[in-house]
Amino acid sequence: MRAIDAKILEELEMLYGDKDCFASLQDWFGTAETYWAYLERLFMVADYAKKHNPSAAEEITTYSKRIVELFRQTKKYASGWNSKHKEKRRLSTEDYAGATDESWDTLDKWTVTQEKLRQEILDFIKLLYSITSKM
């Protein structure tokens, strides 16, 4: 494993190991680009691992696709909530009381996909560690 790959995986594992690694709903859009930049770093390590261990390429590609899909879903659900509750620094009690069942479902889906995304990233990091440690 290249030292830079090990460093990237270590940093990402520390980041995503924290259950509160994602921003709150109101701040999610401001940090979505940062999250994507982190994922691009992870995908760089994955590409290196695929090149040097072709037998793992399919599994790496499958993880990458799931992570991208979960990222998109998380962003979509956050967008659905924000479009109905204009982005505010703080939501009031009235904002929450006026939310429809549909918007609450969207908020629940956002929370679930965000956690699935976090866990998928951690699992992917473990896989990459195991693959790159054999190189």
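In which helix is L39 found? L39 is found in helix α2, in what is a predicted model. With a relative accessibility of 1%, this leucine counts as buried, because buried means under 20%. Leaving aside neighbours within four places in sequence, L39 is in contact with Y16, I67, F71 and I121. The C-alpha atom of L39 is separated by 8.9 Å from that of L12, and the two residues are 27 apart along the chain.

From this one residue the view can widen to the whole chain. The protein has five helices and zero strands, and from the N terminus on its elements run α-α-α-α-α. Of its 135 residues, 40% count as buried. The accessible surface comes to about 8000 Å², and carbon and sulfur atoms account for 52% of that area. Among contacts with a separation of 6 or more, 78% are between residues 24 or more positions apart.

The interior comes next. In soluble globular proteins, nonpolar side chains tend to be buried together. Here the largest nonpolar core has 36 residues, and those that touch the most other members are L42, I60, F124 and L128. At least two residues of this core come from each of α1, α2, α3 (57–84) and α5 (101–133). I60 can be followed in more detail: not counting residues up to four places away in sequence, I60 touches A46, A49, K50, F124, L127, L128 and I131. Two of these partners, F124 and L128, are themselves among the core residues that touch the most other members.

Aromatic rings give another way to read the structure, which holds five aromatic pairs. In one of them, the ring centres of F22 and Y35 are 4.9 Å apart and the planes stand at 80°, so the pair is edge-to-face. F22 lies in the loop between α1 (3–17) and α2 (25–52), while Y35 lies in helix α2, so the pair ties together parts that are 13 residues apart in sequence. Both F22 and Y35 are buried. W36 and F43 also form an edge-to-face pair, with 6.2 Å from centre to centre and 65° between the planes. The two members of this second pair differ in exposure: W36 is partly exposed, with a relative accessible area of 28%, whereas F43, at 14%, counts as buried. Ring pairs also link Y16, F22 and Y35 into a cluster. Y16 has appeared before, as one of the contacts of L39. A ring can also meet a charged side chain: R66 lies over the face of Y63, at 4.5 Å from the ring centre.

Charged side chains also pair with one another, and a search of the whole structure finds five salt bridges. One of them joins the side chains of E11 and R41, with 2.8 Å from N to O. Since E11 lies in helix α1 and R41 in helix α2, the pair ties together parts that are 30 residues apart in sequence. Both ends are partly exposed: E11 has a relative accessible area of 33%, and R41 has one of 27%.

Which residues are linked with K19 in a network of salt bridges? The network is made up of K19, E115 and R118. K19 forms a salt bridge with E115, and their closest N and O atoms are 3.7 Å apart. This pair links distant parts of the chain, because K19 is in the loop between α1 and α2 and E115 is in helix α5, 96 residues apart, with helices numbered from the N terminus. The side chains of R118 and E115 meet in another salt bridge, at 2.9 Å from N to O. R118 and E115 both lie in helix α5, three residues apart, which is about one turn of the helix.

Are the members of this network buried or exposed? K19 is exposed, with a relative accessible area of 59%. E115 counts as partly exposed at 29%, and R118 counts as buried at 3%. The network therefore includes an exposed lysine, a partly exposed glutamate and a buried arginine.

How values were computed: Residues are numbered from 1 along each chain as its sequence is written. This is a predicted model: local features need pLDDT of at least 70, side-chain atom pairs count only at pLDDT 80 or more; totals for chains, interfaces and linings use all residues. Side-chain values use heavy atoms; hydrogens and water are left out. Rings of Phe, Tyr and Trp (its six-membered ring) pair if their centres lie within 6.5 Å; planes under 30 degrees apart count as stacked, over 60 as edge-to-face and the rest as tilted. Helices (H or I, at least four residues) and strands (E, at least two) are DSSP runs, numbered from the N terminus. Buried means under 20% relative accessible area, exposed over 50%, partly exposed in between (1.4 Å probe, protein chains only). A charge sits over a ring if NZ of Lys or CZ of Arg is within 6 Å of the ring centre and within 35 degrees of the ring normal. A nonpolar core is a set of buried Ala, Val, Leu, Ile, Met, Phe, Trp, Tyr and Cys residues joined through side-chain atoms within 4.5 Å. Contact means heavy atoms within 4.5 Å. Accessible areas come from the Shrake-Rupley method with a 1.4 Å probe; for residues, only the protein chains shown count as cover. A salt bridge is a side-chain nitrogen of Lys or Arg within 4 Å of a carboxyl oxygen of Asp or Glu.
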